[in-house]
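Let's take a walk through this one, contact by contact. Have the model open and keep an eye on the side chains.

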Amino acid sequence: LAIKRGATQDMYRADSVVLESPSVFWLIKHALLSETELPPRFGVSVQGLKLPAKVWLDPQWLNPATLVPFETLGCGATAFTSADYHKMGVAFGEARQHLEYRYDAEAKLLDVTLSLSAPAFANLTLEGELHPFDPKSAPTLDKLHIDRIAATYADNGYLQRRNQFCAQRENLSPKQFIEQHVTAILALLAQHHIQPSAELVKLYRNLIENGGRASILSLPNSNFVAEAWRSNPPEDVLRQLNVTARYGDTPQVMFRLSFLAPTEAEATPL
């Protein structure tokens, strides 16, 4: 798949792509009668996806190949090599992605699920529900309500291997590396004027130290619309999204971030 951006284009390749329609009968009817109705369910499964060299996602925040957030921070490297992963005892399996939606035409409700799998590293599932969605008309962000957003991250045993590897590289104990790793993350966030709450830092520390599963759930206010993403300050958006986070089956904590104002030197152009 080639996506053009001005004079350049990004190439996305995959070993296989499977389109999942409601049924073969629906597919035949849709093709023969040239129907344009959105099916009540549709899915796309991809194996062996190869992203373009200039991927839009900064691996310093999330490595798209391993699905690991802040993977190398505090480890004295900007990226891990194949030799590094070999020393950790992990090997890249066949990455899989699955996108599926369910559409209720009567309620104009769209439910979307994106499942990403990097077998040796992690699984990531993203879910969203929004309304009123009408495929026959162009969506207007000022009327599109977000009912639910959820993200679940599951470690496949990689984090502890990474901790041990980086601890040896940095001549630290695993616990000392974890503290160094968290400190590096806080420094990165501070560069972007973001300060997480102590509860969020504790939750993340539990995840990287013990592995397991962490999740985020957003149940936005009833009057929240998609347009708010770009028209309101981030503090207001986060408050309206009503986001909670959870590690495993522990009690939920509020997903709180403080967005600090730029310093005078940063705000003043040269």
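What follows covers a helix pair, some salt bridges, some aromatic rings and two residues from the early part of the chain.

Keep in mind that this is a predicted model.

**Two crossing helices**

Two packed helices are described by the angle between their axes and the distance between the axes. Here, the pair to look at is helix α3, residues 158-169, and helix α5, residues 198-210. Their axes come within 6 Å and cross at roughly 85 degrees. An angle of 65 to 115 degrees counts as roughly perpendicular, so α3 is roughly perpendicular to α5.

Which residues do the touching? On the α3 side they are Leu159, Gln160, Arg162 and Asn163, and on the α5 side Leu207, Ile208, Glu209 and Asn210. Sorted by class, that contact has three nonpolar, three polar and two charged residues.

**Salt bridges**

How many salt bridges does the structure hold? There are eight, and the table shows some of them, including Arg169 with Asp84.

| Pair | N to O distance | Where the partners sit |
|---|---|---|
| Arg169 and Asp84 | 3.2 Å | Arg169 in helix α3, Asp84 in helix α2 |
| Glu179 and Arg205 | 2.9 Å | Glu179 in helix α4, Arg205 in helix α5 |
| Arg239 and Asp236 | 2.4 Å | both in helix α7 |

Take Arg169 and Asp84 to begin with, whose side chains meet at 3.2 Å, N to O. Arg169 belongs to helix α3 and Asp84 to helix α2 (residues 82-88), so this salt bridge ties together parts that are 85 residues apart in sequence. Buried or exposed: how does Asp84 count? Asp84 has 7% relative accessibility, and the cut-off for buried is under 20%, so Asp84 counts as buried. Its partner Arg169, at 33%, counts as partly exposed.

Next come Glu179 and Arg205, with their closest N and O atoms 2.9 Å apart. This pair also links distant parts of the chain, with Glu179 in helix α4 (residues 174-191) and Arg205 in helix α5, 26 residues apart. Glu179 is partly exposed at 38% relative accessibility, and Arg205 is partly exposed at 22%.

Arg239 and Asp236 make a salt bridge at 2.4 Å, N to O. They sit three residues apart in helix α7 (residues 234-241), so about one helical turn separates them. Arg239 is exposed, with a relative accessible area of 55%, while Asp236 counts as partly exposed at 24%.

**Aromatic rings**

Now for the rings. The structure holds ten aromatic pairs. In one of them, the ring centres of Phe80 and Phe165 are 5.8 Å apart and the planes stand at 90 degrees, so the pair is edge-to-face. Phe80 is in the loop between β6 (68-69) and α2, and Phe165 is in helix α3, so the pair ties together parts that are 85 residues apart in sequence. Phe80 counts as buried at 10% relative accessibility, and Phe165 counts as buried at 10%.

Phe92 and Phe121 pair up as well, but in a tilted arrangement: 4.9 Å centre to centre, with 45 degrees between the planes. Phe92 lies in the loop between α2 and β7 (96-104), and Phe121 in the loop between β8 (109-118) and β9 (122-131), which puts them 29 residues apart. Phe121 is buried, with a relative accessible area of 1%, whereas Phe92, at 47%, counts as partly exposed.

Which residues do ring pairs link into a cluster? They are Phe80, Tyr85, Phe92, Phe121, Tyr158 and Phe165.

**Two residues from the early part of the chain**

Asp10 lies in strand β2, residues 8-11. Asp10 is buried, with a relative accessible area of 10%. Leaving out residues up to four places away in sequence, Asp10 touches Leu1, Ala2, Ile3, Arg5 and Pro52.

Leu51 is found in the loop between β4 (41-47) and β5 (62-63). At 37% relative accessibility, Leu51 counts as partly exposed. With residues up to four places away in sequence left out, Leu51 touches Met11, Tyr12 and Pro64. Look at Arg13 too: its C-alpha atom is separated from that of Leu51 by 6.8 Å, although the two are 38 residues apart along the chain.

Key:
Residues numbered from 1 in each chain as written. Predicted model: local features only at pLDDT ≥ 70, side-chain atom pairs only at ≥ 80, totals over all residues. Heavy atoms only, no water. Axes fitted to C-alpha atoms, helices over the stretch in contact; angles between N-to-C directions. Helix = DSSP H or I, 4+ residues; strand = E, 2+ residues; numbered from the N terminus. Parallel < 35°, antiparallel > 145°, perpendicular 65-115°, else oblique. Contact = heavy atoms within 4.5 Å. Nonpolar A, V, L, I, M, F, W, Y, C, P; charged D, E, K, R; others polar. Buried < 20%, exposed > 50% of the residue type's maximum accessible area, 1.4 Å probe, protein only. Salt bridge = Lys/Arg side-chain N within 4 Å of Asp/Glu carboxyl O. Phe/Tyr/Trp six-rings, centres within 6.5 Å; stacked < 30°, edge-to-face > 60°.
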